[in-house]
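Visitor: I would like a short tour of this structure, with the reasoning spelled out. Could you guide me?

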Protein chains: 2
Amino acid sequence: MQIATPYLMFLGDVPDRLAAKTAYGIADWRPEWCIGQIRMEGCAADLGIPDLTLNEAVEKGCRTMVVGVVNAGGRLPEQWVAEIVEALEAGLDVASGLHVRLGSIPEIADAAQKHGRQLHDVRHSDERFDTGKGTKRSGLRLLTVGTDCSVGKKYAALALEKGMRERGFDADFRATGQTGVFISGRGVAIDAVVADFISGAVEWISPDSDPAHWDLIEGQGSLFHPSFAGVSLGLLHGAQPDAFVICHEPTRTTMRGVKHPLPSIAEVIAQTIASGRLTNPGIRPVGIAVNTQALEEAAARKLLDDLAREHDLPATDPVRFGVEGIVDRIAAEFPKA
Amino acid sequence: MQIATPYLMFLGDVPDRLAAKTAYGIADWRPEWCIGQIRMEGCAADLGIPDLTLNEAVEKGCRTMVVGVVNAGGRLPEQWVAEIVEALEAGLDVASGLHVRLGSIPEIADAAQKHGRQLHDVRHSDERFDTGKGTKRSGLRLLTVGTDCSVGKKYAALALEKGMRERGFDADFRATGQTGVFISGRGVAIDAVVADFISGAVEWISPDSDPAHWDLIEGQGSLFHPSFAGVSLGLLHGAQPDAFVICHEPTRTTMRGVKHPLPSIAEVIAQTIASGRLTNPGIRPVGIAVNTQALEEAAARKLLDDLAREHDLPATDPVRFGVEGIVDRIAAEFPKA
């Protein structure tokens, strides 16, 4: 999936910020792609970028209108359909993170065909993949793994892309989830791929590259989550990472959506190495990324110091304290040729 | 899904027996349904049943042509399309275990509609699943796991169904692959489920049951196979087995389709327990099932004796020597109330 940039951000008439979470994520990480927003009567979200009409957006060079919002009830509101059709008529592609496929709505499908525009359903994948081969590919890879779902794996990978580029590394974020696909303009929502092709899809996302190039691959789920561990394992095998960063949320008591307790960071490290060795015998941890939002700064720093000592790894909150320490460790463990 | 029997077995021009393992499995477990086979130039598989033309098959009462072959990636070879169209024209339904949907190929879809024939895609399920919850369900479960793909996991589960029923157990085979669905007439091809729902689909396949009832769940892939380990892990977590049987093929040197060596049986036992504990802390091995087809009887018996001693588990070739020892172990480990 390759989405043309830059974007016009469609926010619809969502009742709160949370419903536009994907749009905020894109605006945070790719402000240069987010030329403007389009909001309907009653919209409670605001990305703080110019409100544009469709024609203004086209004039400013927008290529794709991004529907970065969720709607309750599963059915696309009538007023959104009309707006999407108008965007296609105005000359924009449309990319959506909704569950419903844009092409399943006849008015939208007809307008796209009539005007020769692309429809992208980021939650769905029509790409044909091969099964994973597990063969070593050239280039270097880092995967963010987690003690649970939703503990900052995407955020850590994006922060590392930024931090490593600033330090002269040739590094690219590789998306495996829907928000990540919008942020990188390409990628696959791995949890929507047919099970037999999980690792094959990741091999496609992160192909052979220059020997000094880093792919920073967005992790999904957790090897210890009873709902999603299969996805996490296929992703680990396909990613064949040289390095991994463990992501953690210290206030979580049970894993997301189930009653199981979180694994320890030590268990995650041990299992990631044990399983990851299959496709990369050199796999090793290079850092711990903790979401410390719920902690005062002193408590956060103490927690990170304790974790760093306990695991002999740099530990940081990428948002609060940056990723310098992890980039230092990467530079030390993988010296450039 | 209700597939009309009996079957004409389509073997195409597959390069080896393993590529036709679906057809062999159906012929072994449902010989009364397999009236004849149809093979193309260069076909290396042979079920040992009459070669029939399409018209002969219809005359002998065949109702469905079964495409009982697999190929890596699941793409339908061009040269098979014409043969499938002719079968539909001759008056047969067509049932396929391939990833590609028969109806997605216009010539096949058109011929089926024109001649009023049914197309069955056994790998696909239109059932909607929830994500796995990992909650303990009532009833007892056994999962067959493997050192590789295609090492007899389905055979072992079917042989155990037969052997346990003969000993008075209330036991049902639960299919998770296309061949199993052809054989049992129900189940889900788990490798075709969307990745997020692997464990949830297995929870659907094997729901709560009577406390003394055994579900004998067909395993898939291997926790050590770089292409399919994600499927195997999701299946293990969803199955939450009380007991597992390790399946092995002693002449295999690399894992199927890749260059990786096979794990040892000890590694498979250790990893299955380590991962399986997440949804069933009581998980334990109850036997080893070896495909000894390539060995003389004396060599086979010695191998099994050695394995039994080494792992303190009953070891057998279910096809050659039956499953008595494993049923004995199950009876001892899980005494009926």
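Guide: Gladly, and let us begin with a term: a salt bridge here is a side-chain nitrogen of Lys or Arg within 4 Å of a carboxyl oxygen of Asp or Glu. Please keep in mind that this is a predicted model.

Visitor: Which side chains meet in a salt bridge between chain A and chain B?
Guide: Side chains of opposite charge can pair when their charged atoms come close. Between chain A and chain B the count is one salt bridge. Its N to O distance is 3.9 Å, within the 4 Å cut-off. The partners are A:Asp196 and B:Arg123.

Visitor: How many salt bridges are there over all chains?
Guide: An example inside one chain is A:Arg165 with A:Glu161, whose closest N and O atoms are 3.2 Å apart. Both residues lie in helix α5 of chain A, four residues apart, or about one turn of the helix. Over all chains, the rule gives a count of 33 salt bridges.

Visitor: What area is buried between chain A and chain B?
Guide: The size of an interface is often given as the accessible area lost when the parts come together. Chain A brings 35 residues to the contact and chain B brings 36 residues. Carbon and sulfur atoms give 54% of the buried area, which is about 2800 Å².

Visitor: Which residues of chain A lose the most area to chain B?
Guide: Three residues together account for 20% of what the chain A side buries. One of them, A:Asp196, is also the chain A partner in the salt bridge with B:Arg123. The full trio is A:Arg128, A:Asp196 and A:Leu278.

Visitor: Which element gives the largest share of the side of chain A that touches chain B?
Guide: Across the interface, 13 residue pairs are in polar contact. On the chain A side, the elements that give two or more residues are α7 (198-205) and α8 (229-239). The residues of that side divide into 17 nonpolar, 13 polar and five charged. With six residues, the largest share comes from α8(A).

Visitor: Why can one say that the copies meet through the same surface?
Guide: Two copies of a chain are related by a rotation about an axis and a shift along it. Here a rotation of 172° with 1.4 Å of shift along its axis superposes chain A on chain B, with an RMSD of 2.9 Å. The copies meet through the same surface because the interface residues of chain A are also interface residues in chain B for a share of 89%.

Visitor: What fraction of the annotated domain in chain A is helix, and what fraction is strand?
Guide: An unreviewed UniProt entry annotates residues 131-327 of chain A as "domain: D-glutamate N-acetyltransferase-like C-terminal". The end C-alpha atoms of that span lie 33 Å apart. Its make-up is 38% helix and 15% strand.

Visitor: Where is the residue of chain A that has a positive phi although it is not a glycine?
Guide: The residue is A:Ser150, with a phi of about 50°. Its place is the loop between β6 (140-146) and α5 (153-166) of chain A.

Visitor: Which residues does B:Trp29 touch, beyond those up to four places away in sequence?
Guide: B:Trp29 sits in helix α1 (residues 21-29) of chain B. Although B:Trp29 and B:Ile183 are 154 residues apart in sequence, their C-alpha atoms are 6.8 Å apart in space. The residues touched are B:Tyr155, B:Leu158, B:Ala159 and B:Ile183.

Technical notes:
Residues are numbered from 1 along each chain as its sequence is written. Chains are lettered from A and ligands numbered from 1 in the order in which they are written. This is a predicted model: local features need pLDDT of at least 70, side-chain atom pairs count only at pLDDT 80 or more; totals for chains, interfaces and linings use all residues. Side-chain values use heavy atoms; hydrogens and water are left out. Contact means heavy atoms within 4.5 Å. Buried area is the accessible area (1.4 Å probe) that two parts lose on being put together, summed over both. A polar contact is a pair of N or O atoms within 3.5 Å; within protein, one must be able to donate a hydrogen and the other to accept it, and residues adjacent in sequence count only if both atoms are side-chain atoms. Ala, Val, Leu, Ile, Met, Phe, Trp, Tyr, Cys and Pro count as nonpolar, Asp, Glu, Lys and Arg as charged, and the others, Gly among them, as polar. Copies are superposed by least squares on the C-alpha atoms of residues with pLDDT of at least 70 in both. UniProt positions are given in the numbering used here, feature names are shortened, and annotations may be inferred rather than shown by experiment.
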